[in-house]
Amino acid sequence: MLFNSYIFLFLFLPITLLGFHLIGKNGHVKSAIVWLISASLFFYGWWNPAYLGLLLFSTIFNFSLGFLISIKSINSSTKKIILTTGVIVNLSILGYFKYANFFIDNLNVLTNSNTILNEIILPLGISFFTFQQLTYLIDSYYEETKKYSFLHYCLFVTFFPQLIAGPIVHHKELLPQLVKDTLYKLRSKNLAIGLTIFSIGLFKKVVLADSVSVYATPVFDAAEAGILLTFFEAWIGALAYTFQLYFDFSGYTDMAIGIARMFGIRLPINFNSPYKASSIIDFWKRWHITLSRFLREYLYFSLGGNRKGKIRRYINLMVTMVIGGLWHGAGWTFILWGALHGFYLIVNHGWRALFNKQDKTKTGSFISWIITFLAVVFSWVPFRADSISGANNILQAMIGVNGISLPVGYESIFINYGLSPLKDIFKFNGMFSNHIYSHHDHIYAAIVLIFLLLVISTFFPNTKQLMRNHDKSIFETYKGEMNSSLHILVEWNVTTIWALITSATLLLSIILLSGESEFIYFRF
Amino acid sequence: MYYSYIKKTFLIVFSVLALFSLINFFADPENIYPKLFSSDESGSLLASYSNKLTKSKYGLLDEEFSILNDRERKKALAMFSKDSDCAIIGSSRVKQISSFRDEKSLTKNCKSIINLGVDGSTLEDYFIFSEILLENKNTISTIVFGIDHWSLKYDQDPRYSLLQSDLDKIRYRLKISTKEFGASSHVSLAANLINLQYLNLSLNKIFSENKLKEEGAEEIEEIFKYAEKFDQNIGISGTSVSLPDGSKIYSSEAPGRELKEINGFQTYKVSEAIDGGWYEEKAVDDFIKLVKLLKGKFNIIFLMTPYHPKVWDLDQPIIDLMINIENKIHLIAKELNIKVIGSYNPIKIGCSKNEMFDSMHAKAKCLIKLERKIVEN
């Protein structure tokens with residue numbers, strides 16, 4: 001079930017909230033938990049009930065191992081065996097469902113064989129709930145967890161707002177909230193804040209991300225079909241996808257946070273205006289924050305982090321980012337994306353080591369921002385492309401390998417103004433000569449929309465900043481940028497104006513919902 | 001304080017949505033919702049339309065917001081037309097097929113055609129128009145199914161639900177469960193109440209009806225206006241024309257679309273195609289049941305009309321899927337011993353880019369070639 005579907009908005013969510021309210025108001029805490037778990041399982045099984053078995057197995061299996069590990073009478077070597085078994089089983093399940101076909105395909109290429117696996121359907125959200133439970137298991141081993149009942153644990157894993165596409169919630173963030181009996185009561189404050197955050201997320205997804213997606217898809221499809229893109233076509237496609245992905249994923253996260261908040265549960269933020277980042281290191285503190293936290297704490301640190309010298313640090317960075325790429329999907333394009341970011345981080349850390357002491361001027365900050373933004377745009381190309389050759393087609397066009405094609409009439413202008421020597425650098429076949437968009441007006445619409453989204457993502461306050469006085473984060477995942485006067489000016493408050501704004505964003509999103517579209521991160 | 005905020009927000013949202021829903025439900029430009037205040041005029045109106053159309057010399061002008069919907073007009077034709085031997089059922093892609101116009105199509109198989117093609121036709125429309133033809137006395141001996149690449153799957157477009165009662169009748173006749181038929185149409189209809197495009201149509205309808213009243217059209221049949229003599233290759237400015245056999249001549253402005261829409265086809269529902277393909281076994285089984293029933297009374301022909309040559313050049317997954325659908329249609333035809341005419345592949349038919357309106361609608365010049373090459377599999 002999609003958050004941006006009529007079934008969810010008008011049936012599932014109101015019924016779940018109403019049931020939660022009716023059960024909770026009489027103080028039936030256990031029944032309220034069971035109600036939320038049941039609703040979450042229904043939500044998960046809506047797409048394909050066959051997936052439910054795996055989710056339940058994973059939950060029971062990990063809870064049982066965590067329980068065994070926490071028994072004090074069991075000696076440490078047995079605990080280590082239990083943990084190792086848990087990690088192997090979790091990663092094997094993930095590996096089978098997500099990577100088996102990729103592995104076989106590559107093996108076939110290497111050995112010139114033709115082994116075919118039966119079609120494996122990727123269970124929704126498997127990457128998210130596997131990682132979430134691995135952290136619980138590992139922390140249980142290091143005695144960093146408390147004992148929780150199975151019902152609380154089950155709700156921690158299955159709680160529907162975060163089940164399919166995150167945020168990847170750490171047990172330390174969610175479980176302590178779930179054990180408080182006072183949680184299981186609907187409160188108007190939570191409902192108002194949750195509704196506002198949800199409406200912002202829905203607007204980001206339906207109005208912004210889906211609108212710009214129509215300009216990205218044709219370019220990437222054309223690249224896959226081997227069409228030689230022009231410089232401007234490639235840039236429009238790459239930029240359109242850059243904003244589609246951000247507004248799609250951050251919109252989903254806002255919706256998840258908003259829905260959870262309606263039930264009184266606070267989820268960690270996942271985005272902090274990533275396109276405002278002035279370095280790649282900064283970018284990874286702002287983009288998919290809960291994933292980067294997981295990768296840092298459970299992978300990068302395990303590999304030795306920066307404790308074993310510079311070279312090892314850079315190797316660790318690269319390994320972490322490549323695995324991070326693979327986490328997103330079984331394909332060479334994701335590996336390339338991960339490697340690209342690994343490379344960016346190495347360069348960024350190297351640069352910092354050399355020039356850290358110099359203060360940045362405004363111009364310097366601006367140049368840093370541009371370089372960072374362009375590096376990120378380039379990296380999204382392999383992330384979105386279906387194949388390496390498709391990515392290559394777009395990247396080549398973006399750096400001008402196919403030449404820079406200008407409007408047909410411009411050749412004479414070059415000659416008339418004595419710019420003939422420059423004439424050879426350019427072609428004059430038209431800026432969008434492949435006619436990728438069905439109508440010429442679409443090109444202008446694309447340019448205007450991309451510019452608008454650039455302004456929104458770099459100058460506007462993000463959801464968390466808008467809600468800063470009413471949704472104070474209880475987590476470490478959010479810091480900074482709270483003092484801008486613009487942010488204070490537009491800060492959310494319980495006023496009629498904000499009720500109007502929330503209504504307008506909700507209305508516009510609902511009306512434009514007619515063609516429901518999936519969230520990009522569902523496939524990861 | 002918070003309670004008041006929530007109350008205000010919901011009040012605004014639901015008031016506006018309710019207003020949209022009421023406008024869409026009562027204006028209902030596509031006639032897809034049940035009528036709370038039904039009139040007994042509709043039967044005589046259908047007869048009147050059919051009579052006026054079939055006896056017209058050059059056809060009737062298609063007023064954009066006529067009192068009768070596209071499907072109702074074709075139902076009228078199927079019910080009351082008496083002199084034709086062939087009925088063609090399909091989508092807008094067969095609407096140009098005609099035995100009336102100068103460039104006649106299907107002449108080897110049909111002497112006189114009634115064209116029952118409707119916009120957004122889906123599998124459900126095959127059942128609906130078959131039922132109407134079975135129910136009413138007529139001279140039809142051949143039914144031609146114009147099969148599109150989306151035709152072997154249920155619920156591809158909700159517009160068929162205007163004639164839901166005919167669908168229910170044939171479902172009962174064929175003993176097909178309700179599970180597939182219109183399973184999600186109720187949800188689609190409900191969702192359509194707050195559809196912005198539909199609201200636009202509704203408002204247009206309301207304003208155009210007011211305009212008609214102001215112009216003083218006393219008799220409702222006066223809305224159907226005769227076309228004057230015109231060049232069928234050019235059309236009439238501002239409106240399309242329904243010819244006496246139900247086929248369509250686009251307005252003179254329409255055929256300028258040619259190349260603009262071809263490139264848009266590159267991504268045409270590719271994701272949909274990949275996500276589950278374009279045919280369902282259950283839908284195919286039910287369609288076979290229908291054809292077997294019809295074969296007792298009619299000669300059946302399957303027809304495929306070609307796409308623009310540029311579309312066929314695209315080397316997209318969509319083309320592979322179309323080829324698969326075409327093969328599937330040939331397999332069904334072979335099983336049922338049915339003739340197949342045409343192909344999605346313009347090269348097989350010999351249609352050039354100048355013989356297409358856009359990526360998927362062929363001009364009459366192309367359609368007259370359909371019988372030249374009977375595709376054998």
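In what follows, a residue is called buried when its relative accessible area is under 20%, exposed when that area is over 50%, and partly exposed in between, with a 1.4 Å probe and protein chains only. The model is a predicted one, in which local features need pLDDT of at least 70 and side-chain atom pairs count only at pLDDT 80 or more, while totals for chains, interfaces and linings use all residues. Residues are numbered from 1 along each chain as its sequence is written, chains are lettered from A and ligands numbered from 1 in the order in which they are written, and side-chain values use heavy atoms, with hydrogens and water left out.

We can begin with the sheet of chain B. Helices (H or I, at least four residues) and strands (E, at least two) are DSSP runs, numbered from the N terminus, and two strands are said to pair if DSSP finds at least two bridges between them. In chain B, five strands form an open sheet in the order E3-E2-E4-E7-E8, with parallel pairing. Its edge strands, each of which pairs on one side only, are E3 (113-115) and E8 (339-342) of chain B. From one strand to the next the twist averages 25°, where axes are lines fitted to C-alpha atoms, for helices over the stretch in contact, and angles run from 0 to 180 degrees between N-to-C directions.

Following the sheet strand by strand, E2(B), which covers residues 86-89, pairs with E3(B) in the parallel sense over three bridges, and Ala87(B) stands opposite Ile114(B) in E3(B). Strand E4(B), residues 142-146, is joined in parallel to E7(B) by five bridges, with Phe302(B) in E7(B) as the bridge partner of Phe145(B). E7(B) also pairs with E8(B), again in the parallel sense, over four bridges, and there Leu303(B) has Ile341(B) of E8(B) as its bridge partner. Strand E7(B), residues 299-304, is largely enclosed by the rest of the structure, because five of its six residues are buried.

The loop between E2 and E3 of chain B holds two residues that deserve a look. One of them, Lys104(B), is partly exposed at 40% relative accessibility. Its C-alpha atom is separated by 6.2 Å from that of Ile368(B), although the two residues are 264 residues apart along the chain. If contact means heavy atoms within 4.5 Å, then Lys104(B), leaving aside its neighbours within four places in sequence, is in contact with Ser98(B), Ser99(B) and Ile368(B). Leu106(B) lies in that loop too, yet is buried at 2% relative accessibility, and its phi is near 55°, a positive value in a residue other than glycine. Asn337(B), in the loop between helix H11 (317-336) and E8 of chain B, likewise has a positive phi, of about 60°, although it is not a glycine; Asn337(B), however, is exposed, with a relative accessible area of 68%.

Charged side chains come next. Side chains of opposite charge can pair when their charged atoms come close. A salt bridge is here a side-chain nitrogen of Lys or Arg within 4 Å of a carboxyl oxygen of Asp or Glu, and by this rule the count comes to 22 over all chains. In one of these, Lys172(A) meets Glu144(A), with the closest N and O atoms 3.5 Å apart. Lys172(A) lies in helix H8 (residues 171-178) of chain A and Glu144(A) in the loop between helix H5 (126-141) and helix H6 (150-158) of that chain, so the pair ties together parts that are 28 residues apart in sequence. In chain B, Lys348(B) and Glu326(B) form a salt bridge at 4.0 Å, N to O. This pair ties together parts 22 residues apart in sequence, because Lys348(B) lies in helix H12 (residues 346-349) and Glu326(B) in helix H11 of chain B. Lys348(B) is partly exposed, with a relative accessible area of 37%, whereas Glu326(B) is buried, at 5%.

Finally, we turn to where the two chains meet. The contact takes 37 residues from chain A and 27 residues from chain B. Buried area is the accessible area (1.4 Å probe) that two parts lose on being put together, summed over both; between chain A and chain B it is about 2600 Å², of which carbon and sulfur atoms give 74%. Across this interface the rule finds zero salt bridges.
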